[in-house]
Amino acid sequence: MTASRRTPVGVLISGRGSNLQSLLDASFADSYPASVALVISNVVDAHGLIRAKTAGIPAGVITHRGKTREDFDAEMDDALRAAGVEVVCLAGFMRILSDGFVRAWEGKLLNIHPSLLPAYKGTNVHARVIAAGEKQSGASVHFVMPELDAGPVIAQSTVPVLAKDTPETLAARVLEAEHRLYPTALRLVCEGKVRLEKGQAVFA
Ligand code: GRF
């Protein structure tokens with residue numbers, strides 16, 4: 001991957017798709033080193049599908065229902081390969097991927113999580129951050145490893161936690177940071193400025 005060509009990226013979503021939107025918006029600039037080649041949702045009425053269609057990007061639904069995890073992942077893998085995808089971004093994708101899929105895309109599979117990993121993996125992050133009395137939180141983009149929300153961090157962005165914050169107000173502040181962070185992290189990967197080596201993020 002070099003900066004001179006645009007890396008075809010696949011984005012997996014399950015819902016709102018605001019992080020997908022931030023990647024689409026970034027990719028509209030000619031100088032951005034990635035273009036979104038395919039969007040896959042496992043949820044039929046995910047709003048992100050409308051965002052993809054509005055942007056003129058191929059998008060489709062692959063349901064996980066009635067399938068083994070392995071069969072579902074194999075179907076996604078086939079669609080991603082057929083579209084020429086080289087890097088996959090998880091953007092609010094609410095399914096756990098099989099080890100086989102994660103291994104097949106190792107170093108090419110990114111996720112965004114609304115905490116300063118390794119702190120606050122999992123769900124219900126903002127309520128837990130507030131309950132713990134944290135003074136700051138943020139977002140992380142990381143290479144995906146088989147363990148949930150684990151994997152070497154590519155980039156992080158920090159936001160303050162305010163005394164009056166509710167989980168909703170904190171989520172909104174973190175989400176704004178996410179929308180700047182994901183395009184930045186994807187750029188680093190596509191420009192070869194960070195890569196996964198022996199389970200570590202190595203920066204050029
Ligand atoms: C984001 O907060 C992301 O960090 C988490 O799921 C949420 C997805 O939001 N993994 P959206 O669908 O991108 O708007």
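## The largest pocket

α1 (18–27), β5 (109–113), α5 (125–131) and α6 (167–190) each give at least two residues to the lining of the largest pocket. The model is a predicted one. α6 makes the largest contribution to this lining, with 4 residues.

The volume of the largest pocket is about 900 Å³. Its lining counts 35 residues, and those closest to the centre are G92, F93, M94, I112 and P114. By class, the lining holds 17 nonpolar, 13 polar and 5 charged residues.

## Strand β1 and its partner

All 7 of the 7 residues of β1 are buried, so the strand is largely enclosed by the rest of the structure. T7, V9, V11 and I13 point one way. P8, G10 and L12 point the other way, and these are buried too.

β1 runs parallel to β2, and 7 bridges join the two. One of the pairings can be named: T7 has A34 of β2 as its bridge partner.

## Helix α2: two faces

Helix α2 covers residues 47–54, and its buried residues are G48, L49, R51 and A52. Seen down the axis of α2, they fall within an arc of 160°, so they line one face of the helix. The face turned away from that buried side carries I50, K53 and T54, which are exposed.

What do the buried residues of α2 pack against? Their partners are β1 (7–13), α1, β2 (34–41) and β3 (59–61). After α2 comes G56, with a positive phi near 75°.

## L24 in helix α1

L24 sits in helix α1. Is L24 buried or exposed? Its relative accessible area is 0%, and it counts as buried because the cut-off is under 20%.

Leaving aside neighbours within four places in sequence, L24 is in contact with V36, R51, A52, A55 and I57. Two of these names, R51 and A52, also belong to the buried residues of α2. V11 lies 13 residues from L24 in sequence, and the C-alpha to C-alpha separation is 9.9 Å.

## The β8–β9 hairpin

In a regular strand, side chains alternate between the two faces of the sheet. Strand β8 (residues 194–197) shows such alternation. V194 and L196 point to one face and are buried. R195 and E197 point to the other face and are not buried.

β8 pairs with strand β9 (residues 200–203) in the antiparallel sense, over 4 bridges. V194 has F203 of β9 as its bridge partner. The two strands form a hairpin with 2 residues between them. In the turn, K198 has a positive phi of about 50°.

## Backbone points to check in the loops

The loop between β5 and α5 contains P118. The peptide bond that joins L117 and P118 is cis, with omega about 10°. Y120 is found in the loop between β5 and α5 as well. Its phi is positive, near 60°, and Y120 is a residue other than glycine.

D149 lies in another loop, between β6 (136–143) and β7 (153–160). D149 is not a glycine, yet its phi is positive, about 55°. At 12% relative accessibility, D149 counts as buried.

Technical notes
Residues are numbered from 1 along each chain as its sequence is written. This is a predicted model: local features need pLDDT of at least 70, side-chain atom pairs count only at pLDDT 80 or more; totals for chains, interfaces and linings use all residues. Side-chain values use heavy atoms; hydrogens and water are left out. On a 1 Å grid over the protein atoms alone, a cavity is a set of points where a 1.4 Å probe fits but cannot get out, and a pocket is an open set with protein on both sides within 12 Å along at least five of seven lines; lining residues have an atom within 4 Å of a point. Grid points are joined across faces, edges and corners, and a volume is the space filled by probe spheres set on the points. Ala, Val, Leu, Ile, Met, Phe, Trp, Tyr, Cys and Pro count as nonpolar, Asp, Glu, Lys and Arg as charged, and the others, Gly among them, as polar. Buried means under 20% relative accessible area, exposed over 50%, partly exposed in between (1.4 Å probe, protein chains only). Two strands pair if DSSP finds at least two bridges between them. The arc is that of the directions from the helix axis to the C-beta atoms. Contact means heavy atoms within 4.5 Å.
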